[in-house]
Amino acid sequence: MDKYEDFKKDVYNLTKIDLNAYKEQQMKRRIDSLIFKHNCKTYKDYVNVIKNDKDAFEEFVGFLTINVSEFYRNPEQWELFVNEFVPELIEKFGKRLTIWSAACSTGDEPYSLVMALSKFLDLSQIKIIATDIDKQILAQAKVGLYSEKSIANVPAEYKKKYFTKVGPSYQIDEKIKKCVDFRQHNLLRDKYIDNCDLIVCRNVLIYFTDEAKFEVYGKFAQSLKEKGILFIGNTEQIIDYATLGYKRRYSFYYEKK
């Protein structure tokens, strides 16, 4: 077969999707199965197929699409965030907010935050620090390619404004990407970000032990400014929130006392 490196360049020129962001062995295996399916002998042959066959192109991009993520997960919680917490945070801390999206996975959460904040702030004023332990996941988050199902809850105006259809998938706009600073971070080992106005960490700590949860929520409290907000997932609750220095505002929103 032809060099995979050349294939990656061809794919980038065709789709603006960087295959370096994906686990190589796994991706090559999947692509080889597509090549075989289309009776191609080389990567170059397959590139010619996807260049000239719309269905084959869509099938290929569909293979690359991230399906596990979900924008605006639990829309009613995001509605509350937009209607109550964003105006409140701006009033308390000003327009240059320090926001940390912890355990951000494939980027749906920090990108959702940017869009939610864009209702009140210019994109040039928005900066989200987004962290995850998995380098490969962060690389895919930077690609910003999502399935139709992933973006189902995105408000129609933002879907139209900030997503471009690539085959069966959707690529998020560079303007939104520029607002997010992705970094590798281990919640159980690394130093936490200081002076946060808002920390978002949703549907991740359910996988942690009770001791680890207590430690992480405690460190989040130390990271928040006084009256800063922690936004957690609908599968989670902080049992000893008062002990850790929080005041409960709603089921999934806690304020540092």
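Student: Leaving aside neighbours within four places in sequence, which residues is serine 101 in contact with?

Tutor: This is a predicted model. In it, serine 101 is in contact with Glu109, Pro110, Leu113, Ile128, Ile129, Ala130, Thr131 and Val200. Serine 101 lies in strand 1, residues 99-101.

Student: Is serine 101 buried or exposed?

Tutor: Buried means under 20% relative accessible area. Serine 101 has 0% relative accessibility, so it counts as buried.

Student: How far apart are the end C-alpha atoms of helix 2?

Tutor: Take 1.5 Å a residue. The 14 residues of helix 2, 24-37, should then span 20 Å. The end C-alpha atoms are 20 Å apart, which agrees.

Student: Which residues of helix 2 are buried?

Tutor: Met27, Ile31, Leu34 and Ile35. Viewed down the helix 2 axis, they fall within an arc of 100°, so they line one face of the helix.

Student: Which exposed residues does the face turned away from the buried side carry?

Tutor: On helix 2, that face carries Gln25, Arg29, Phe36 and Lys37. Just after helix 2, asparagine 39 takes a positive phi of about 55°.

Student: How many disulfides does the structure hold?

Tutor: A disulfide is a covalent bond between the sulfur atoms of two cysteines. The structure holds zero.

Student: Why is there no bond between cysteine 104 and cysteine 201?

Tutor: The cut-off is 2.5 Å between sulfur atoms. The closest cysteine sulfur to that of cysteine 104 is in cysteine 201, 10 Å away, too far for a bond. Cysteine 179 is in no disulfide either; its nearest cysteine sulfur, that of cysteine 104, is 15 Å away.

Student: Are these two, cysteine 104 and cysteine 179, buried or exposed?

Tutor: Cysteine 104 counts as buried at 1% relative accessibility. Cysteine 179 is buried, with a relative accessible area of 3%.

Terms used. Residues are numbered from 1 along each chain as its sequence is written. This is a predicted model: local features need pLDDT of at least 70, side-chain atom pairs count only at pLDDT 80 or more; totals for chains, interfaces and linings use all residues. Side-chain values use heavy atoms; hydrogens and water are left out. Helices (H or I, at least four residues) and strands (E, at least two) are DSSP runs, numbered from the N terminus. Buried means under 20% relative accessible area, exposed over 50%, partly exposed in between (1.4 Å probe, protein chains only). Contact means heavy atoms within 4.5 Å. The expected span of a helix is 1.5 Å times one less than its number of residues. The arc is that of the directions from the helix axis to the C-beta atoms.
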